[in-house]
Each structure stands twice: as structure tokens, then as C-alpha cells.
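User: Please take a close look at one part of this model and describe its surroundings in a connected way. I would like to start from a single side chain and then move on to the strands.

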Amino acid sequence: MKEDTVLTGLNQAVAKTTAAPAKAAYTSEELLERVIQSLDSDKAEDIVQIDLRGKSSIGDYMVVASGRSTRQVSAMSEKLVEKLKADLGLISKIEGKDAGDWVLIDTGDIIVHIFRPEVREFYQLEKMWQPPADAASS
């Protein structure tokens with residue numbers, strides 16, 4: 001009898017981990033709006049949004065922003081991740097928060113990069129995703 005209870009519990013655990021993920025209760029556009037609002041309220045500078053739909057499978061949008069210091073970059077990124085979790089139940093992956101020079105936040109649909117200005121200028125990430133200059137206008 002005890003084995004049946006253990007097996008039933010195991011089967012339920014396996015079923016939970018193999019079940020299809022639930023459909024998000026928000027669109028990528030709504031998520032983008034939340035990201036922009038959070039960054040704006042935290043005084044991020046030079047916020048740029050890039051539409052990746054049809055260009056890349058990494059996400060629907062990319063957001064690039066700057067903070068004035070490593071402390072601000074780290075704080076903005078931490079607050080954004082916490083806000084998305086509290087408001088939407090969204091668990092985001094975050095890289096670089098401890099260093100605070102360049103933090104990457106992957107929400108699934110939106111990739112967020114928060115830089116210190118010098119680091120942002122060095123990598124010029126936005127330029128990689130801008131449409132090529134029209135050869136006729138050169």
C-alpha cells in the first residue's frame with residue numbers, strides 16, 4: 001500500500017514536469033510596455049527598443065538602456081526582474097548583475113541589455129540590429 005502512494009506521488013510529479021507550459025497571460029507587447037515603464041521609472045537613459053520579429057528567434061524585442069553607474073545598472077536590473085516576477089509571475093534569467101557594467105535580462109520574449117554608458121558605446125549593440133544603410137543614398 002505504501003509503494004502505491006509513493007508511485008502515485010512520483011507519477012504526479014513526472015506529469016507536472018512533462019506537461020506543456022501554460023500560455024502566458026500577456027503579450028510580448030504588454031511585456032515590452034512593462035519593461036520600458038520599469039526602466040523609465042528607474043531613470044534609465046537612452047532607452048531603445050528594437051523589433052526582432054522576423055529577424056531573429058531569440059525574442060520578439062530587444063531593449064537597450066543605460067545607467068549612470070554600476071550601482072544604478074545593477075539596481076535597475078534587479079528591480080526589473082523582481083517587478084516582472086511579482087506582477088506577471090515571470091521568472092527571468094539575469095547575467096552580469098554583480099559586475100554592473102552590462103546586465104543581460106532574458107524574459108523569453110524580450111531581451112534587455114542595461115549598460116554603463118562607456119560600455120554601451122564600446123559594444124554599440126544597437127548598430128548590429130539596425131537596418132543596413134541604403135546604398136543608393138550614399
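Analyst: In this predicted model, Met76 is in contact with Leu39, Asp42, Lys43, Ala44, Ser66, Gly67 and Ile114, leaving aside its neighbours within four places in sequence. Met76 itself sits in helix H3, which covers residues 70–88. With a relative accessible area of 2%, Met76 falls under the 20% cut-off and therefore counts as buried. Gly100 lies 24 residues from Met76 in sequence, and the C-alpha to C-alpha separation of the two is 9.9 Å.

Two of the contacts lead into strands. Ser66 belongs to strand S2, residues 61–66, and Ile114 belongs to strand S5, residues 110–115. S2 and S5 run parallel and are joined by six bridges. Within this pairing, Tyr61 stands opposite Ile110 of S5.

S5 can be described by its two faces. On one side are Ile110, Val112 and Ile114, and on the other are Ile111, His113 and Phe115; both faces are covered, and all of these residues are buried. Because six of the six residues of S5 are buried, the strand is largely enclosed by the rest of the structure. Ile114, one of the contacts of Met76, is thus part of a covered face of S5.

S5 also pairs with strand S4, residues 102–106. Here the strands run antiparallel, with five bridges between S4 and S5. Trp102 stands opposite Phe115 in S5, and Asp106 has Ile111 as its bridge partner in S5. S4 and S5 form a hairpin with three residues between them, and Gly108 in that turn has a positive phi of about 100°.

The faces of S4 are described separately: Val103 and Ile105 make up a covered face, while Trp102, Leu104 and Asp106 make up an uncovered one. The residues of S4 named above as partners of S5, Trp102 and Asp106, are thus on the uncovered face.

S4 has a further partner in strand S3, residues 93–95. S3 and S4 run antiparallel and are joined by three bridges. In this pairing, Glu95 stands opposite Leu104 in S4, and Leu104 is on the uncovered face of S4. S3 and S4 form a hairpin with six residues between them; the turn includes Gly96, which has a positive phi of about 90°.

Terms used. Residues numbered from 1 in each chain as written. Predicted model: local features only at pLDDT ≥ 70, side-chain atom pairs only at ≥ 80, totals over all residues. Heavy atoms only, no water. Helix = DSSP H or I, 4+ residues; strand = E, 2+ residues; numbered from the N terminus. Buried < 20%, exposed > 50% of the residue type's maximum accessible area, 1.4 Å probe, protein only. Contact = heavy atoms within 4.5 Å. Pairing = 2+ DSSP bridges.
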